[in-house]
Amino acid sequence: MKNKTFIQFATALIIICATQTAKGLAIPTSKGDTDEYYEALGIANGPKARMGELHMLSLKNAQDIIRQKMAHTYKGVIEDYIRVYGNNRGTDIDTKMERIGKQFINVLLNDTREIGSPEFTEADQDGNVTCYVLARVYKRGLPDKMADYISGSHELEGEIEGKALREIIKQHFENQRVSDVYPFSPRVFIPGMQQLYKGSKTKAALFIAGEAAAIGGIVACENLRASSIAKLNGTHDSSAQRKYLNDADRRQNLRNGFIAGAAIIYLWNIIDGCVAKGEERAWTPKVKMCIIPQTTGQSAEIAMVLNF
């Protein structure tokens with residue numbers, strides 16, 4: 001009878017755990033931005049009686065995260081545009097573009113799409129629940145909408161080259177890719193620098209410390225070997241000569257071992273820097289040369305920018 005009761009208790013416990021696990025799996029998880037959309041997970045905590053407000057607050061939190069991402073990308077748009085058209089103009093185009101761009105982003109985020117339904121945790125002992133909302137803003141058509149909004153602003157009327165602005169916005173938003181694969185960089189030839197750039201701080205510290213320790217070992221062993229050779233040449237005692245000779249050979253072997261270790265760590269650093277993946281980040285292809293015609297009053301000009 002006791003065994004039967006124990007089995008029933010264990011079965012009930014397993015069912016409860018499985019149910020809780022299933023509920024946990026229902027909570028949305030943001031996979032990050034992709035080439036097609038920006039994505040963010042909004043979270044809010046509060047009384048169970050105010051679940052509607054928590055839903056809206058979670059959505060607002062997700063929107064704020066996406067807003068920061070888009071504002072960061074748009075900052076690159078302003079920098080590229082001003083690099084071509086902002087020199088010697090004596091205007092505040094960049095300030096106006098930043099303000100109007102933020103207005104557009106706010107308008108766009110009012111139509112943010114939720115992915116699925118909001119998820120709520122069970123109420124805790126204080127009666128509070130946590131709400132999770134996954135929000136997404138698609139990039140398709142976004143560059144044209146942004147260019148039309150900014151070019152059509154009364155503040156920038158006659159001051160913006162609409163066609164050029166549209167192309168720069170497309171370059172930053174539409175052609176942007178999100179990847180954890182990094183291009184080759186000369187940083188790989190400096191131990192730990194490429195790993196640090198990729199966001200692998202622990203790995204970078206290990207490569208730097210390992211290479212420094214190996215080089216320190218080489219220097220120390222070579223100094224000790226040279227000292228043994230000097231002592232060998234300074235004595236005529238055969239037993240002392242054998243001792244110093246053995247010391248010199250042993251320290252030479254240690255030095256060679258440290259040299260091999262330093263070479264292995266250095267090569268490993270280069271290979272890891274080239275092939276290892278890093279933190280996901282957005283990549284925007286850089287235009288090497290851009291030639292754009294423009295008109296100013298009664299004259300015509302050609303603007304050219306070179307990126308090295």
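1. T235 and its loop. In this predicted model, a polar atom of the T235 side chain lies 3.2 Å from the backbone nitrogen of D237. T235 sits in the loop between helix 7 (201–233) and helix 8 (238–275). Its relative accessibility is 18%, so T235 counts as buried, the cut-off being under 20%. Apart from its neighbours within four places in sequence, T235 is in contact with A240, Q241 and Y244.

2. Helix 7 against helix 8, seen from F258. The residue F258 belongs to helix 8. Leaving aside neighbours within four places in sequence, F258 is in contact with A213, A214, G217, I218 and C221. Along the chain F258 and A214 are 44 residues apart, yet their C-alpha atoms are separated by 5.3 Å. Is F258 buried or partly exposed? Its relative accessible area is 32%, so F258 is partly exposed.

3. The same place, seen from G217. G217 is one of the residues that F258 touches, and G217 is found in helix 7. With a relative accessible area of 9%, G217 is buried. A further pair to look up is G217 and L254: they are 37 residues apart in sequence, and the distance from C-alpha to C-alpha is 8.2 Å.

4. Cysteines. How many disulfides does the count come to? The count is zero. For the reader new to the term, a disulfide is a covalent bond between the sulfur atoms of two cysteines. C221, which is also among the contacts of F258, has a relative accessible area of 8% and is therefore buried. C274 is partly exposed, because its relative accessibility is 36%.

5. Strand 1 and E39. E39 is found in strand 1 (residues 37–47). Its relative accessible area is 2%, which means that E39 is buried. What does the side chain of E39 meet in a polar contact of 2.5 Å? The partner is the side chain of R136. R136 also appears in the contact list of E39, which leaves out neighbours within four places in sequence and reads S30, K31, G32, D33, I66, K69, L134, A135 and R136. E39 and A62 are 23 residues apart in sequence, with their C-alpha atoms 8.1 Å apart in space.

6. Strand 4 and T130. T130 lies in strand 4 (residues 128–138). The side chains of T130 and N45 are joined by a polar contact of 2.8 Å. Not counting residues up to four places away in sequence, T130 touches I43, A44, N45, E119, F120 and T121. At 15% relative accessibility, T130 counts as buried, because the limit is under 20%.

7. Helix 4 against helix 5. Two packed helices are described by the angle between their axes and the distance between the axes. Here helix 4 (residues 142–151) and helix 5 (residues 162–174) pack at an angle of about 145°, and their axes are 9 Å apart. Their crossing is right-handed. On the side of helix 4 the contact is made by L142, P143, D144, M146, A147, D148, I150 and S151, and on the side of helix 5 by G162, L165, R166, I169, K170, F173 and E174. How do the residues of this contact divide into nonpolar, polar and charged? Eight are nonpolar, two are polar and five are charged.

8. Q171 in helix 5. Q171 lies in helix 5. A relative accessible area of 12% means that Q171 is buried, the cut-off being under 20%. Q171 and P143 are 28 residues apart in sequence, and from C-alpha to C-alpha they are 8.8 Å apart in space. P143 itself is one of the helix 4 residues that make the contact with helix 5.

9. The whole chain. The protein has eight helices and eight strands. Of its 308 residues, 32% are buried. Among the contacts with a separation of 6 or more, 69% are between residues 24 or more positions apart. The pair F258 and A214, 44 residues apart along the chain, can be looked up in the structure as a case of residues far along the sequence with C-alpha atoms separated by 5.3 Å.

How values were computed:
Residues numbered from 1 in each chain as written. Predicted model: local features only at pLDDT ≥ 70, side-chain atom pairs only at ≥ 80, totals over all residues. Heavy atoms only, no water. Axes fitted to C-alpha atoms, helices over the stretch in contact; angles between N-to-C directions. Helix = DSSP H or I, 4+ residues; strand = E, 2+ residues; numbered from the N terminus. Left-handed = near helix turned anticlockwise from the far one by under 90°. Contact = heavy atoms within 4.5 Å. Nonpolar A, V, L, I, M, F, W, Y, C, P; charged D, E, K, R; others polar. Buried < 20%, exposed > 50% of the residue type's maximum accessible area, 1.4 Å probe, protein only. Disulfide = S-S within 2.5 Å. Polar contact = N/O pair within 3.5 Å; in protein donor to acceptor, adjacent residues only side chain to side chain.
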